Amino acid sequence: MSATPRYGRLDALRGVAMVWMTIFHFCFDLAFFRLIHQDFYRDPFWTWQRTAIVSLFLLCAGMGQAVALAQHQSAERFWRRWGQIMACALLVSLGSWWMFPRSFISFGVLHGMALMLILVRFGFARLSGRWLVLLGLVAVLLPLWIAHPFFDTRTTNWVGLVTHKPLTEDYVPVLPWLGPMLWGCALMRVRRVQDLLQRPLPRVLQPLGVLGQWSLSYYMLHQPVLIGALMGAQALGWF
């Protein structure tokens, strides 16, 4: 793997996840404002979309960590980025507590990503691709085999071995979600994948590449903008 390339196609793939997430959240917001009637908590049409979106995010994060290690990313740069993610995770918790005090987000996608990035960077990333695939499969399957009430509290449910899904607006525990990140790391070890992602990004996809490069900023801004727009439309009597 080259020491310096920018994987524009990986950025674009992350951008696809952002666009999909935005459409999903906009529909969720429409339901919150009672403009549409959808069950985002039980309807498979929505729950499976959420699973796919989060999986794509974490797959890209794992691939990004493989690239960072191959390019000898410094520990300082890693921890600076990690600090940004963790700060945003805390802001998400505060914002969700304001909007959903009973079901605020205590361990959502950013919280999970922050912890899993440490596990991958310092615990798993240097394993062979086969081991990463195997451990990813174990991470995905383990919550299906093991569950205990000990893990049902807000202070322990981050592990993922819960007996029931907690009351929260977003929940991305280490298990099973470490699996997609490990698979992404393994996928980036495949030479064909590296070559494919290093090809020039077609011009039509460049906006997605830019969006993927600014994914954290976009993630933090998109919901306040969407909710603010809907609140403004409601105040103007548009619905």
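**Aromatic contacts in close-up**

F32 is partly exposed in this predicted model, with a relative accessible area of 38%.

**View 1. F32 and F100 form an aromatic pair.** The two rings meet edge-to-face, at 5.5 Å centre to centre and with 70° between the planes. The pair links distant parts of the chain, since F32 belongs to helix α1 whereas F100 lies in the loop between α3 (75-99) and α4 (109-124), 68 residues apart. While F32 is partly exposed, its partner F100 has a relative accessibility of 16% and therefore counts as buried, the cut-off being under 20%.

**View 2. F28 and F40 make up one of the 14 aromatic pairs counted in the model.** The centres of the F28 and F40 rings are 5.4 Å apart and their planes stand at 80°, so this pair is edge-to-face, a class that requires planes over 60 degrees apart. Because F28 sits in helix α1 (residues 8-32) and F40 in the loop between α1 and α2 (44-70), the contact ties together parts that are 12 residues apart in sequence. Both F28 and F40 are buried.

**View 3. F28 and F40 also belong to a cluster of aromatic residues.** Ring pairs join these two residues with F24, Y41, F45 and W46.

**View 4. A charged side chain, that of R154, sits over the ring of F104.** The charged end of R154 is placed 3.9 Å from the centre of the F104 ring.

Key
Residues are numbered from 1 along each chain as its sequence is written. Side-chain values use heavy atoms; hydrogens and water are left out. Rings of Phe, Tyr and Trp (its six-membered ring) pair if their centres lie within 6.5 Å; planes under 30 degrees apart count as stacked, over 60 as edge-to-face and the rest as tilted. Helices (H or I, at least four residues) and strands (E, at least two) are DSSP runs, numbered from the N terminus. Buried means under 20% relative accessible area, exposed over 50%, partly exposed in between (1.4 Å probe, protein chains only). A charge sits over a ring if NZ of Lys or CZ of Arg is within 6 Å of the ring centre and within 35 degrees of the ring normal.
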